[in-house]
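Hi,

Here is the structure I said I would pass on. Have a look at it first, and my notes follow underneath.

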Amino acid sequence: MKNLILTLVRYRSLVVLALVAWLAGGTYIFLRLDIEAYPDPSPPLVEVITQNPSWSAEEMERQVTVPLETVLSGTPKVEYVRSITIFGLSDVKLYFSYDSDYFRDRQEVLNRVQLATLPANVSPQLSPWSPTGEILRYRLVGSGYSLNDLKATQDWMVSREIKRVPGIIDVTTFGGTTKQYQAEVDPAKLRQFNVTLPQVLAAIGASNANVGGNYLTLGSQSVNIRGLGLLRSINEMGSVVVAENKNVPVLLRDVATVHEGFQPRLGQVGVNKDDDAIEATVLLNRGEQSLPALAGLHDQIKMLNNGRVPHGMQLIPLYDRTDLIDMTTHTVRHLVLLGIILIVAILLAFLGDVPISLIAALTIPAALLCAFALMVLTDRSANLISIGAIDFGILVDAAVIVLESVHRRLAARSPETSVAEAIAEATAEASKPVIFSVLVIITALIPLFTMEGVPGKIFAPMSITYVFALTGALIFSLFFAPVLASWKTAPPAPEIGTPPIRWMHRRYERVLDWSLRYRVIVFVIGILVLGGAIAVFPLLGGEFMPQLEEGNLWVRATLPQDVSFETSTGMANEIRRMLLEYPEVTQVVSQTGRPDDGTDVTTFNNIEFMVSLKAPGDWPKGVSKEKLIDQMNSQLGKFPGVDFNFSQNIQDNVEEAMSGVKGENSLKLFGDDIDVLAAKAAEIQTLMSKVPGVADLGVFKETGQPQLMVSIDRAASARYGLTPTDVNTAVSAAIGGQAATQILEGDRRFDFVVRYLPQYRQSPDSIRNILLASPDGARVPLGQVAQVAVRDGAFMIYRENGRRYIPIKFSVRGRDLAGTVAEMQQRLAKGIALPEGYNFEWAGEYDSLQKEERRLAIVIPVSLLIVLALLFAAFRSWTDALLVLAILPFGLSGGLFSLLVTRTPFSISAAVGFASVIGVCTLGCVVMLSGIRRMVEHGREDGEAVRAGALDEMRAVAMACAAAGLGLLPAALSSGIGVQAQQPLARVVVGGMITSVFAILILLPVIASFFLGRELKAPE
């Protein structure tokens, strides 16, 4: 190492050029780095959507969901098959293993779907939705345009233009009305003209077609032949001949009212004070970069608004992922800047040397640019978690140790020793503790490297980014920092030191002497502190990871399952206006029901509100997000029978994708009988409601949906010559409506639907009076061949891997997740007895936390053994290695106390903080023991070697710990958007550094004097 540094110093101009190239190249590559707000933790997920607006949940399950599950089960690398079936919609989700290829999975699902035996009138489609794919929402407005016009423009023109942007896979439209031409038949007129409903349907279908007659040769020309018969206007539709009565043609307008209408609505969107709006959600293709796609979307929307859409229409953004990315990156930049300022201040205070301090601070941008460059070269994206988990103080620690050694050697060098030799010797001396400390940090991150599933998707990239940054910091510290320091000469009065160092040195000397004199007392105090930390750990509670602040709220209202569209939309409008009155709120968008494409599996009883919030600095004084939620929840309590759930936009999508349930956490009760499931779920809900910390509790109802049952009497039908198909077809067309054909308008097409006038299909009595045409021409009332009655049926049917289940959703507020669920488990074990064949499972964050705890119980001991092996390799002494390992728990104790004081539950983010503390503490211990070894080699006696070595290394150890702690102090105290993932880590490191500096400077010399004895003598 010494010879290498001498060579680098000799050619230092070339080294500086290499450093400039590093920084310039890193900056250039950084500009190409994809930055996401948060990582997508979901596995490859393929969703199959099938719609039939006429079928009940039971029929959809029997005829669509179960056949699809049957052919899709056994698909390679599928881990879960989950489905939800509601009225008119079947949704089957396939969750693949994380190592599978998403696009190959989609193709395999497509191939297998073709093998399913399904009714002729249904067509399964693959959904483009992904949990973190919703990158932009906008609304289409236009003064003087009807909802039909706006929706048609969105569906047939705007959506197509938006999908042209690279990276965009689809656009989902929600709200508005879908244009439809309708012929509402008057059954009295049908009797008057002796026309049947099937005749009307057949006549319309036969009256709307163009044909080709090949071509005709006329002289030297070839002329194509076309027969034009398409319907082009409402007048032409009304002129369709449906029958002949007494040699007089019966036209469609004679028996029906023909007009422009819209499809029965499945949902409605409201924006602020506008009760009926059209919203579109832009979906990013899986694996694509969001920032380039968003930039393309901004340009495309600007182009559309500048004349491409009809005059008077405008696209207005409602949600833009760019805002979240900008806010989070602003938070990171702010914290990095504050951290660098504090670190430079510490270095100046400890060294009193501006050039050396600035060289050490240069480590941070160099290391980060190295990490960003490696991320781009390995095709990785950056996100707040991966960047925010980097402790900038720890990055600078390696340079601090090297430069402190250089500073000390330059200050003490004799005239005979050249600057280059002094720097080379100092770097060679500091290289061992620096290299081994970095290796220890990387080893401490092994539990994160080996994470699988959701934690692996979230935290493994963070670990890799950390290692990339540590690698850059190590390279800079060993090869560039010494060369930059070679331009500096030794200080004029090295023995004086800076005032803070002189103050610390005097007091440390007294404390150290006292500690070495009363070693037993010091050792006992250390044991008491460690015991207190161990006792604290069970009090912390645990959570999978802290909630990542997005700057919005996603509020879900769950109404009774039989609520009507009109009642639900009325309540949505009232709640939306109520939420809009809060001074912290800038915008509220309500979504009732589901979009027409079925990409959201819900119905009228589900209302969702996207609540955009002001920046926290603009809120009224003393209001936090938790208090705001409490205020909203209290005010919304005036709606009886409505369950409310509070989440965030991305968080809600991810939680739903991972558990299959709309809720932060859920308990899934499995069984076969829906009624038994409902009864037991109610018992479980009652017990869970008594547990402190449980919020947003609710059972997803599976039964209680009123259904008008038309039960065919086969014997009665046979007497009139009617088959069940005759009866069902007539009922379907007369009540629900049947598309007889499609009307083409340019490149747009709209259904032409036939059904009875509203007054003949709006009550059970009117439906019983629907007349059926028998083969002999007689008219038979429906009530004579079928029983018409209202009964309860299935509302929503949940299935997982072929079994039915009922979910009970819940959130946890004001308490840790692990402790809350543990108490619920105890209560359920005592108070709930399940029938044979019934069981429950926990889903959501708690399930992920449990899996990781089991895995970490194996991986962490292995990591500690590797750390021990590295320490032995560093010292070639088991005594020294075990001594360093024994000090680590004392250093970690401060992190536990910090979590307790700040009421921060233990999480994966906190675990990364403990890994950082282990690395810094190991670095300090190695530096301290190396100093003691050096004094032994210089001939000092055992006790004096411990004392002199500790005093000599005090500045380096204190400086490294202070830099690591103060570098994350801004993050530990911040409350800005995007800091939540970093905060537990920062608080652990800040607290850990406080106890680490005392453990290394006080406890390590004391224990060394106890146990090393002859080991302190220089090895032969």
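Cavities first: this predicted model holds 7 of them at 30 Å³ or more. The largest has a volume of about 290 Å³, and the second largest comes in at about 90 Å³.

If you want to find the largest cavity on screen, go to Trp129, Glu134, Thr599, Asp600 and Asn653, which lie nearest its centre among the 21 lining residues. Its wall draws on several elements: strands E6 (134–142), E7 (168–175), E15 (274–284) and E18 (552–558), plus helix H23 (649–659), each supply at least two lining residues. H23 has the largest share, with 3 residues. And what is that lining made of, by class? There are 10 charged residues, 6 nonpolar and 5 polar in the lining of the largest cavity.

The second largest cavity is lined by 13 residues, and the ones to centre your view on are Ile394, Asp397, Ala398, Val438 and Ile441, which lie nearest its centre. Here the elements that each give at least two lining residues include helices H15 (392–412) and H16 (419–444), along with H18 (453–485) and H32 (908–937). H15 gives the most, at 4 residues. By class, the lining of this second cavity has 10 nonpolar residues, 2 polar and 1 charged.

Next, a helix that I went through residue by residue. Which residues of H10 (residues 290–308) are buried? They are Ser290, Ala293, Leu294, Leu297, Gln300, Ile301, Leu304 and Asn305. Looking down the axis of H10, you will see these buried residues fall within an arc of 135°, so they line one face of the helix. The general rule behind this kind of pattern is that an α-helix has 3.6 residues a turn, so residues three or four places apart point the same way. On the other side of H10, Asp299, Lys302, Asn306 and Gly307 are exposed.

Then there is Ser83, which you will find in strand E3 (residues 78–86). Is Ser83 buried or exposed? With a relative accessible area of 1%, Ser83 is buried. Its side chain makes a polar contact with the side chain of Glu69, at 2.7 Å. Setting aside neighbours within four places in sequence, Ser83 is in contact with Thr65, Glu69, Asp91, Val92, Ile797, Tyr798 and Arg799. So Glu69 turns up both in that contact list and as the partner in the polar contact.

Last, a couple of backbone angles to check. Asn214 has a phi near 65°, a positive value in a residue other than glycine. Asn214 sits in strand E9 (residues 211–218), and at 60% relative accessibility it counts as exposed. Lys246 is another residue other than glycine with a positive phi, near 55°. Where does Lys246 lie? Look in the loop between strand E11 (241–245) and strand E12 (248–251). Lys246 is exposed as well, with a relative accessible area of 74%.

That is what I have for now. If you open just one view, I would start with the largest cavity, at Trp129 and Glu134, two of the residues nearest its centre, and then turn to H10 and its buried face.

Cheers

Key
Residues numbered from 1 in each chain as written. Predicted model: local features only at pLDDT ≥ 70, side-chain atom pairs only at ≥ 80, totals over all residues. Heavy atoms only, no water. 1 Å grid on protein atoms, 1.4 Å probe; cavity = no way out; pocket = protein on both sides within 12 Å on 5 of 7 lines; lining within 4 Å. Points joined across faces, edges and corners; volume = space filled by probe spheres on them. Nonpolar A, V, L, I, M, F, W, Y, C, P; charged D, E, K, R; others polar. Buried < 20%, exposed > 50% of the residue type's maximum accessible area, 1.4 Å probe, protein only. Arc of directions from axis to C-beta. Polar contact = N/O pair within 3.5 Å; in protein donor to acceptor, adjacent residues only side chain to side chain. Contact = heavy atoms within 4.5 Å.
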